[in-house]
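Get your viewer open and keep the selection panel handy. We'll go stop by stop: pick something, look around, move on.

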Amino acid sequence: MRWQELDREACSVARCVAVVGDRWSLLVLRDCFLGVRRFDDFQARLGITRHVLADRLKSLVEEGVLKRVAYQQRPERFEYRLTEAGRDLYPVIMGLVAWGNKHRAGARGRPVLHRHKACQHHFDAVMICSECNEPLDPRQVEVEPGPGLPRSQQIRHLPPAS
């Protein structure tokens, strides 16, 4: 697998990684979900160079994850807002949050708590089956070839997760 060709792989993970697979893009997305929209605010929060930030924002816009929206005419200034495709990455970000809270929070505990506005409770993001609403455990999931997998790759049988 070549890094520049991940978006052409018959693998949804590889295709996603081709869009958001570097640390800066993920941190830009994290900040988007925290309400950050403007270039200077991203730069101040992330401590990233202007060049790298501009490159990541441009890429996320080109991939349809963010859209540029003018908020000022003279001089022309833009903010970056999540598109539907961008908002659909929320479970990915929350999965990273859950993993970080469990395995990297340290003795002081979680750096950020998430509160569900509807019920006002702090929560942990969980992944459930869309059909039976049971929590998903990788040891209880089987992977099968889907309609988008080329025949040439269907001979490789994927073992269950352990």
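A quick word on naming before you click anything: a helix here is a DSSP run of H or I with at least four residues, a strand is a run of E with at least two, and both kinds are numbered from the N terminus. Bear in mind that you're looking at a predicted model.

**Whole chain**

Start with everything on screen, in cartoon. You should find six helices and two strands, and walking along the sequence gives α-α-α-α-β-β-α-α. Color by accessibility if you like: of the 162 residues, 19% count as buried. Among contacts with a sequence separation of 6 or more, 33% link residues 24 or more positions apart.

**Helix 2, end to end**

Now select residues 23–33, which make up helix 2. Begin at the N-terminal end, where aspartate 22 acts as the cap. Show its side chain: one of its oxygens sits 3.0 Å from the backbone nitrogen of tryptophan 24. Then slide past the other end. Just after helix 2 you'll meet glycine 35, whose phi is positive, at about 100 degrees.

Which residues of helix 2 are buried? Select Ser25, Val28, Leu29, Asp31 and Cys32. Look down the axis and you'll see why they belong together: these residues span an arc of only 160 degrees, which puts them on the same side of helix 2. A bit of helix arithmetic helps here: with 3.6 residues a turn in an α-helix, residues three or four places apart point the same way.

Keep those side chains as sticks and bring back the surroundings. The cover over the buried residues of helix 2 includes helix 1 (12–20), helix 3 (39–46), helix 4 (50–62) and helix 6 (90–103), along with strand 1 (66–72) and strand 2 (77–82). Let's visit some of these.

**Helix 1**

Select Ala14, Val19 and Val20, the buried residues of helix 1. Follow their side chains outward and you arrive at helix 2 and helix 4, which they pack against.

**Helix 2 against helix 4**

Show just this pair. Two numbers are worth pulling up for packed helices, the angle between the axes and the distance between them. In this case the axes come within 10 Å and cross at roughly 75 degrees, so helix 2 and helix 4 count as roughly perpendicular. For the contact itself, select Trp24, Ser25 and Val28 on the helix 2 side, then Val52, Leu53, Arg56, Leu57 and Leu60 on the helix 4 side. Sorted by type, the residues of this contact come out as six nonpolar, one polar and one charged.

Stay on valine 52 in helix 4 for a moment. Is it buried, exposed or partly exposed? Valine 52 has a relative accessible area of 22%, which makes it partly exposed. Draw a C-alpha to C-alpha distance from valine 52 to serine 25: they're 27 residues apart in sequence and 9.8 Å apart in space.

**Helix 2 against helix 6**

Swap helix 4 for helix 6. These axes also come within 10 Å, crossing at roughly 100 degrees, so helix 2 and helix 6 are again roughly perpendicular. Select Leu26, Leu29, Arg30 and Phe33 from helix 2, and Tyr90, Ile93 and Leu96 from helix 6. The residues of this contact split into six nonpolar, no polar and one charged.

**Further along helix 6**

Click alanine 98, still in helix 6. At 29% relative accessibility, alanine 98 is partly exposed. Its C-alpha lies 8.3 Å from that of valine 126, which is 28 residues away in sequence.

Then go to asparagine 101, also placed in helix 6. Its relative accessibility of 17% falls under the 20% cut-off, so asparagine 101 counts as buried. Which residues is it in contact with, leaving aside neighbours within four places in sequence? Light up Arg110 and Pro111 to see them.

**Last stop: a buried glutamate**

Finish in strand 2 by selecting glutamate 79. This glutamate is buried, with a relative accessible area of 6%. Turn on the side chain of arginine 81 as well: the side chains of glutamate 79 and arginine 81 make a polar contact at 2.4 Å. Now expand the selection, skipping neighbours within four places in sequence, and glutamate 79 turns out to be in contact with Arg37, Arg38, Lys67, Arg68, Val69 and Tyr71.

Terms used. Residues are numbered from 1 along each chain as its sequence is written. This is a predicted model: local features need pLDDT of at least 70, side-chain atom pairs count only at pLDDT 80 or more; totals for chains, interfaces and linings use all residues. Side-chain values use heavy atoms; hydrogens and water are left out. Buried means under 20% relative accessible area, exposed over 50%, partly exposed in between (1.4 Å probe, protein chains only). The arc is that of the directions from the helix axis to the C-beta atoms. Contact means heavy atoms within 4.5 Å. A polar contact is a pair of N or O atoms within 3.5 Å; within protein, one must be able to donate a hydrogen and the other to accept it, and residues adjacent in sequence count only if both atoms are side-chain atoms. Axes are lines fitted to C-alpha atoms, for helices over the stretch in contact, and angles run from 0 to 180 degrees between N-to-C directions. Angles under 35 degrees count as roughly parallel, over 145 as roughly antiparallel, 65 to 115 as roughly perpendicular and the rest as oblique. Ala, Val, Leu, Ile, Met, Phe, Trp, Tyr, Cys and Pro count as nonpolar, Asp, Glu, Lys and Arg as charged, and the others, Gly among them, as polar.
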